[in-house]
Amino acid sequence: MQNFYVRDIVKATKGEVLCGDMNIPIENVSTDSNSIKENSLFVPIIGERVDAHTFIDSAIANGAVAVLTSEHDEMTGNVPYIRVSNTTMALQEIGKYYGKLMIMPKIGVTGSVGKTTTKEMIACALSAGYKVFKTSGNSNSQIGVPLTLLKMSPDDQIAVIEMGMSMRGEMSRLSELVELDDAVITNIGVSHIEQLKTRDGICEEKFHIQDAIHAKDGIVFINGDDAILNKHKSELRHRIITFGLGNDNDYFATNIKVKNSGVDFTVNIKNKGSYDARLNVLGEHNVRNALVAIAVAERHGIEVTEAIKALAGYEGVSMRQQITDVNGVTIIDDSYNASPDSMKAGIDVLCDYNNNGRKIAVLADMLELGDKSADYHKEVGGYMAEKKIDELILFGTMAANIGDGFNGSYKLFKKREEINEYLLKNLKSGDAILFKGSRGMKLNECVDFLKENYNG
């Protein structure tokens with residue numbers, strides 16, 4: 001943050017200063033009392049289990065120069081206390097206010113699967129011509145998005161903002177906070193279907209990202225291979241550009257070939273021409289991600305060849321199909337999250353990987369899939385039955401349904417420690433092993449264990 005002061009916080013939140021100097025500069029905003037940086041405003045969030053107002057004194061002791069509060073009516077002292085009715089909503093209004101001061105093109109990214117990877121690829125392609133600001137990690141929530149906006153700088157030239165939702169109304173609220181030039185919708189899957197009931201309901205909520213588009217010539221980029229997006233695309237109010245593998249898309253890929261743990265393909269642009277491209281990551285889903293990255297980059301004035309060149313240097317995102325060699329064993333760490341579509345994509349990456357030994361899949365529960373969870377797990381197993389998987393290892397209460405769909409032999413473990421012990425004894429040089437499951441299943445701990453303990 002630059003050129004922002006306590007008085008701007010007051011203006012943005014319509015809050016009341018209970019004490020302190022309104023001219024104190026604010027350079028950072030934090031919701032964590034233990035991670036206070038220089039000239040920070042501390043925002044105490046009231047969660048389901050913890051009310052962070054109890055950490056205000058700790059935040060000040062750690063260097064916070066101002067705080068928000070919804071639980072104080074009178075205060076004295078040098079540190080400004082700003083009274084607001086709701087600290088979460090106040091944080092959002094601060095992000096909205098500051099974001100409007102940062103005049104640059106902004107692209108929003110949403111979808112059921114692949115938001116973070118797509119955001120990273122778009123940023124990579126745009127880097128061929130701009131100083132790019134992008135969401136850090138996957139800070140795409142009701143708290144993450146405003147904190148993201150507050151990290152922008154006047155030095156940035158273009159921004160890629162990841163926007164997520166899990167419940168009805170959340171995308172509508174995020175779209176009130178951000179003024180976008182364009183939006184990208186990667187797909188409509190079944191993540192969070194427990195709350196939104198149907199894929200059509202998920203699509204309806206995702207489509208609220210278009211409410212954030214303020215540019216008169218704003219564009220919505222959609223995955224033209226996605227049946228639900230195609231079904232509802234007439235509901236979009238802005239110009240649409242499609243991307244995908246089907247040749248009816250505006251940007252589509254042909255001649256996809258896996259080579260040396262990467263993908264070669266041809267980028268085809270309607271009414272323009274074809275271009276050879278190379279990614280050093282695996283998976284058809286990443287080809288789609290690259291297509292929309294190229295489309296967005298071209299939209300913002302970057303030559304297609306320059307965007308393709310930039311994407312050749314893309315190396316992936318932590319815990320999202322990160323490939324590491326550990327003493328002759330290839331670990332594919334895709335443990336950040338899971339849904340049926342992303343499970344299938346991870347399995348494809350494992351099967352496409354060029355290794356000399358076995359292909360082993362370690363799969364855990366997919367969470368928040370509602371009353372059809374067992375069916376979704378069986379669906380993944382059925383998909384695997386048609387692939388070359390040498391060994392299937394399952395973990396969790398629902399994962400056994402993957403085994404039922406697989407219709408082959410598998411091992412089911414109840415503890416991560418049991419998985420670690422088994423793999424340590426049975427892995428061989430040349431094996432490739434995929435770890436995939438919802439974040440709450442913590443398969444990343446198995447990945448870390450192998451990296452630290454497997455000696456070949």
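This report describes two sheets, the helices packed on them and some individual residue contacts in a predicted model.

**The five-stranded sheet**

One open sheet consists of five strands with mixed pairing, arranged in the order S1-S5-S4-S3-S2. Its edges are formed by strand S1 (16–19) and strand S2 (28–30), each of which pairs on one side only. On average, neighbouring strands of this sheet are turned by 25 degrees against each other, direction ignored. Within the sheet, strand S4 (residues 66–69) and strand S5 (residues 81–83) run parallel and are joined by three bridges. Leucine 68 has isoleucine 82 as its bridge partner in S5.

Two helices are associated with this sheet. Helix H1 packs on the sheet and touches S1, strand S3 (40–42), S4 and S5, with a direction that makes about 10 degrees with that of S5. Helix H3 lies across S2, S3 and S4 and runs at about 125 degrees to S4.

**The contact between H1 and H3**

The axes of helix H1 (residues 6–13) and helix H3 (residues 87–101) come within 8 Å and cross at roughly 110 degrees. Angles of 65 to 115 degrees count as roughly perpendicular, so H1 is roughly perpendicular to H3. The crossing of the two helices is right-handed. On the H1 side the contact is made by Asp8, Ile9, Lys11, Ala12 and Thr13, and on the H3 side by Ala90, Glu93, Ile94 and Tyr97. These residues divide into five nonpolar, one polar and three charged.

**The nine-stranded sheet**

A further open sheet has nine strands in the order S7-S8-S6-S9-S10-S11-S12-S13-S14, and its pairing is also mixed. Strand S7 (132–134) and strand S14 (273–279) stand at the edges with a single partner strand each, so one side of each has no neighbour in the sheet. Neighbouring strands are here turned by 20 degrees against each other on average, direction ignored. Strand S12 (residues 251–259) and strand S13 (residues 262–269) run antiparallel and are joined by seven bridges. Asparagine 268 in S13 is the bridge partner of phenylalanine 252. Helix H4 (residues 115–126) packs on the sheet, where it touches S6, S7, strand S8 (158–162), strand S9 (182–185) and S14. The direction of H4 makes about 175 degrees with that of S8.

The table lists the angles between helices and strands of the two sheets.

| Helix | Strand | Angle |
|---|---|---|
| H1 | S5 | about 10 degrees |
| H3 | S4 | about 125 degrees |
| H4 | S8 | about 175 degrees |

**The covered helix H6**

Helix H6 (residues 170–177) is mostly covered, with six of its eight residues buried. The buried residues are Glu170, Met171, Arg173, Leu174, Ser175 and Leu177. Their cover includes H3, strand S6 (106–110), helix H5 (144–149) and helix H8 (199–206). H3 therefore appears both in the cover of H6 and in the contact with H1, whose axis crosses that of H3 at an angle that makes the two helices roughly perpendicular.

**Arginine 288**

Arginine 288 is found in helix H10 (residues 284–299). Not counting residues up to four places away in sequence, arginine 288 touches Asn223, Asp225, Phe243, Gly244 and Leu245. Arginine 288 and isoleucine 256 are 32 residues apart along the chain, and their C-alpha atoms are separated by 11 Å.

Technical notes: Residues are numbered from 1 along each chain as its sequence is written. This is a predicted model: local features need pLDDT of at least 70, side-chain atom pairs count only at pLDDT 80 or more; totals for chains, interfaces and linings use all residues. Side-chain values use heavy atoms; hydrogens and water are left out. Axes are lines fitted to C-alpha atoms, for helices over the stretch in contact, and angles run from 0 to 180 degrees between N-to-C directions. Helices (H or I, at least four residues) and strands (E, at least two) are DSSP runs, numbered from the N terminus. Angles under 35 degrees count as roughly parallel, over 145 as roughly antiparallel, 65 to 115 as roughly perpendicular and the rest as oblique. A crossing is left-handed if the near helix is turned anticlockwise from the far one by less than a right angle, and right-handed if clockwise. Contact means heavy atoms within 4.5 Å. Ala, Val, Leu, Ile, Met, Phe, Trp, Tyr, Cys and Pro count as nonpolar, Asp, Glu, Lys and Arg as charged, and the others, Gly among them, as polar. Buried means under 20% relative accessible area, exposed over 50%, partly exposed in between (1.4 Å probe, protein chains only). Two strands pair if DSSP finds at least two bridges between them.
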